[in-house]
Amino acid sequence: MLRQSGAMLNLACTLEKSPRVEQRKFGRVEVGTSVTVRAREGGRETGTIQNLSVGGCAISAPGYYPVGAKIFVTISKFQSFAGQVVWHEEGRMGVQFDIPLHPAVVDHIARSSA
C-alpha cells in the first residue's frame, strides 16, 4: 500500500508541474476536412476542422470569433451544427456544439475525410 501511495504522489506532482493538463469530456479524432463557419449575425468563411468529437471541434479559419460567439459549423457534405466559441488563438478556435453529435455521425465524418 505504501508503494502505491508513493506512485500516486509522484503522479500528482508530475501533473501539478505540467504546464497545461487538458481534461476533455470526449475523445477527439483528427479530421482535416473543409468546413464553413457562419456567425449567427451573418458573415461566412471557409476553414478546416482539425479535430472533432461528439461535443465539439477545433477549427482553423482566418476570421476572428470571440469567446461566446454563436456560430454554425457546416462540414462539407453534411448539415450545419450550431455551437459556441469556447476558445480562440491565432487563426484557430474551439467550438462546443449546442447539441452533442451522435458518435456514429463523428465516425462517418472521420471516415469521409480519410
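A residue is called buried when its relative accessible area is under 20%, exposed when it is over 50%, and partly exposed in between (1.4 Å probe, protein chains only). By that standard, 30% of the 114 residues of the chain are buried. The model is a predicted one, in which local features need pLDDT of at least 70 and side-chain atom pairs count only at pLDDT 80 or more, while totals for chains, interfaces and linings use all residues. Residues are numbered from 1 along each chain as its sequence is written, and side-chain values use heavy atoms, with hydrogens and water left out.

The chain holds two helices and six strands, taken as DSSP runs numbered from the N terminus (helices H or I, at least four residues; strands E, at least two). Along the sequence they follow the pattern α-β-β-β-β-β-β-α.

A good place to start is the interior. The largest nonpolar core, a set of buried Ala, Val, Leu, Ile, Met, Phe, Trp, Tyr and Cys residues joined through side-chain atoms within 4.5 Å, has 23 residues, and Val 73 is one of those touching the most other members. Strand 1 gives the largest share of this core, four residues. Leaving aside neighbours within four places in sequence, Val 73 is in contact (heavy atoms within 4.5 Å) with residues including Val 35, Ile 49, Ile 59 and Val 95.

Glu 45, in strand 2, offers another view. This residue is buried yet has no salt bridge, that is, no side-chain nitrogen of Lys or Arg within 4 Å of a carboxyl oxygen of Asp or Glu. Instead, the Glu 45 side chain reaches the backbone nitrogen of Gly 63 at 2.6 Å.

Methods. Lys, Arg positive; Asp, Glu negative; His and termini not counted. Polar contact = N/O pair within 3.5 Å; in protein donor to acceptor, adjacent residues only side chain to side chain.
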